[in-house]
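Reader: I am new to this structure. Please walk me through it, and show how each label is earned.

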Amino acid sequence: MRTKSKWSPGPGVKILGVALTGDDRWIVSAAGSAIGICPDCGRRSRRRHGWSRRSLRDLPVQGQSATVKLLVSRWRCAHGECARRTFTDRLPTIAAPYARRTRRVGEIVGLLGHSAGGRPGERLMERLGMPVSDDTILRQLTRDAAAAQRSSEIRVVDIDDWSWRRATSYGTIIVDLERRSVIDILDDRSVESAAKWLRDHPSIEVVSRDRCGLYAQATREGAPKAKQVADRFHLVQNLRSAIEEQMSLSGRVTGRAILSEDAIVDAATHRRRARLSHRQSRQSETCRPANAVSLPPGFGRPPSWRQTP
Ligand SMILES: [Zn+2]
């Protein structure tokens, strides 16, 4: 067994010893501060009530996983007017309460989860010497999203499909467009869950979505006062599919003009005649009889693909 004399898991922690076990895992023995500070009255205390032990997965060393065995003190508050009798060292810079890994490892789990997803993230973390399960990665994503949500008021969101498994199961991803961050992931892709999420966030003013009717209905139910807009990706996608459809109707793209010169001349003549006919019909409309039936606004217009339903 080899030992190291120095280590640095974070401030406020005293290192008692470091050892490499037989199965190539580093074990760091450490203890919290020698003085406790009451979270209620802020007074210092040296009256230790007892110990507890926390096991925290930390950053790897030389490719091997490392675990911090941290002794945490429980203190008595000596201030007579304080309602709190005992309290525990918090060590917020090291790890969150009840966490099983240090805060810096949790940040890496969140970053890899965002970029790679559950299963790929699990394989990468194993290779980097910080093994975690895909469920843990997804829980970390949820916690990060909840923390981001608590810290600020959400105003503009994008809502879209999110693939748990490609072409098999889909959930819903919700992104804060002002902060460019994922704020929540829903388990399914349904009107009910999306509408419930929107109802729980009444501060939302703008919802950017695809042209699928599902999220339009969810927004109408969950955030009826929010403005719905089509996101840029789906607008460009719709434009591309419209062009492809038109080109397929006109034959293959060969680089030649689709129409012959005679046909182009005929088409220009036809357009001129159509404009003249339209102008004449508008002029005659101004003097039509008073009992003529009016068409409702927009009647007869071709549906615009650019318009969000
Ligand atoms: Zn106190």
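Author: Start with a term: two strands pair if DSSP finds at least two bridges between them. Keep in mind that this is a predicted model.

Reader: What makes S10 and S11 a pair?

Author: Five bridges join S10 to S11. The cut-off is at least two bridges, so they count as paired. The two strands run antiparallel. They form a hairpin with four residues between them. Arg180, in that turn, has a positive phi of about 55°.

Reader: What is notable about the phi of Arg180?

Author: Most residues other than glycine have a negative phi. Arg180 is not a glycine, yet its phi is positive. Arg180 sits in the loop between strand S10 (169-176) and S11.

Reader: Why is Arg180 called buried or exposed?

Author: Its relative accessible area is 76%. Exposed means over 50%, so Arg180 is exposed.

Reader: Which residue of S11 is the bridge partner of Thr172?

Author: Leu186 is the partner. It belongs to strand S11 (residues 181-186).

Reader: How do you know whether Leu186 is buried or exposed?

Author: Leu186 has a relative accessible area of 11%. Buried means under 20%, so Leu186 is buried. Beyond neighbours within four places in sequence, Leu186 is in contact with residues including Trp164, Ile174 and Trp197. The C-alpha atoms of Leu186 and Asp161 are separated by 9.6 Å. Those two residues are 25 apart along the chain.

Reader: Why is S10 called largely enclosed?

Author: Six of the eight residues of S10 are buried, so the strand is largely enclosed by the rest of the structure.

Reader: What makes S9 and S10 a pair?

Author: They share eight bridges and pair in the antiparallel sense. At least two bridges are needed, so this counts as pairing. One partnership links Ser163 with Tyr170 in S10. S9 and S10 also form a hairpin, with three residues between them. Ala167 in that turn has a positive phi of about 65°.

Reader: In what order do the strands of the open sheet lie?

Author: The order is S11-S10-S9-S12-S13, five strands with mixed pairing.

Reader: What are the edge strands?

Author: S11 and strand S13 (227-230) are the edge strands. Each pairs on one side only. From one strand to the next, the twist averages 30°.

Reader: Which residues touch the most other members of the largest nonpolar core?

Author: Val157, Ile174, Trp197, Ile204 and Val207 do. The core has 18 residues. Strand S9 (156-165), S11, helix H4 (191-199) and helix H5 (213-222) each supply at least two of them. H4 gives the most, with five residues. A second, separate core has 15 residues, including Leu20, Trp26, Ala66 and Leu70.

Reader: What is the bridge partner of Leu20 in S3?

Author: Trp26 is that partner. Strand S2 (residues 14-20) and strand S3 (residues 26-31) run antiparallel and are joined by six bridges. Their hairpin has five residues between the strands, and Asp24 takes a positive phi near 60° there.

Reader: Where is Gln62 found?

Author: Gln62 lies in the loop between strand S6 (48-61) and strand S7 (64-76). It has a positive phi of about 50° although it is not a glycine.

Reader: Why is Gln62 called buried or exposed?

Author: Its relative accessible area is 61%. The cut-off for exposed is over 50%, so Gln62 is exposed.

Reader: Which residues are the protein donors of the zinc ion?

Author: Cys38, Cys41, Cys77 and Cys82 are, each through SG. They lie 2.2 to 2.4 Å from the zinc ion. Donors must be within 2.8 Å, so these atoms qualify. Their spacing in sequence is C-x2-C-x35-C-x4-C.

Reader: What makes the arrangement around the zinc ion tetrahedral?

Author: The four donor atoms subtend angles of 101 to 118°. Four donors count as tetrahedral if all angles lie between 85 and 135 degrees, so the arrangement is tetrahedral.

Reader: How do you know whether Cys38 is buried or exposed?

Author: Cys38 has 2% relative accessibility, under the 20% limit, so it counts as buried. Cys41, at 29%, falls between 20% and 50%, so it counts as partly exposed.

Conventions
Residues are numbered from 1 along each chain as its sequence is written. This is a predicted model: local features need pLDDT of at least 70, side-chain atom pairs count only at pLDDT 80 or more; totals for chains, interfaces and linings use all residues. Side-chain values use heavy atoms; hydrogens and water are left out. Donors are N, O and S atoms within 2.8 Å of the metal (3.2 Å for Na, K and Ca); water is not among the atoms, so sites may look incomplete. Four donors count as tetrahedral if all angles lie between 85 and 135 degrees; four count as square planar and six as octahedral if opposite donors are over 155 degrees apart and all others between 65 and 115; anything else is irregular. Buried means under 20% relative accessible area, exposed over 50%, partly exposed in between (1.4 Å probe, protein chains only). Contact means heavy atoms within 4.5 Å. A nonpolar core is a set of buried Ala, Val, Leu, Ile, Met, Phe, Trp, Tyr and Cys residues joined through side-chain atoms within 4.5 Å. Axes are lines fitted to C-alpha atoms, for helices over the stretch in contact, and angles run from 0 to 180 degrees between N-to-C directions.
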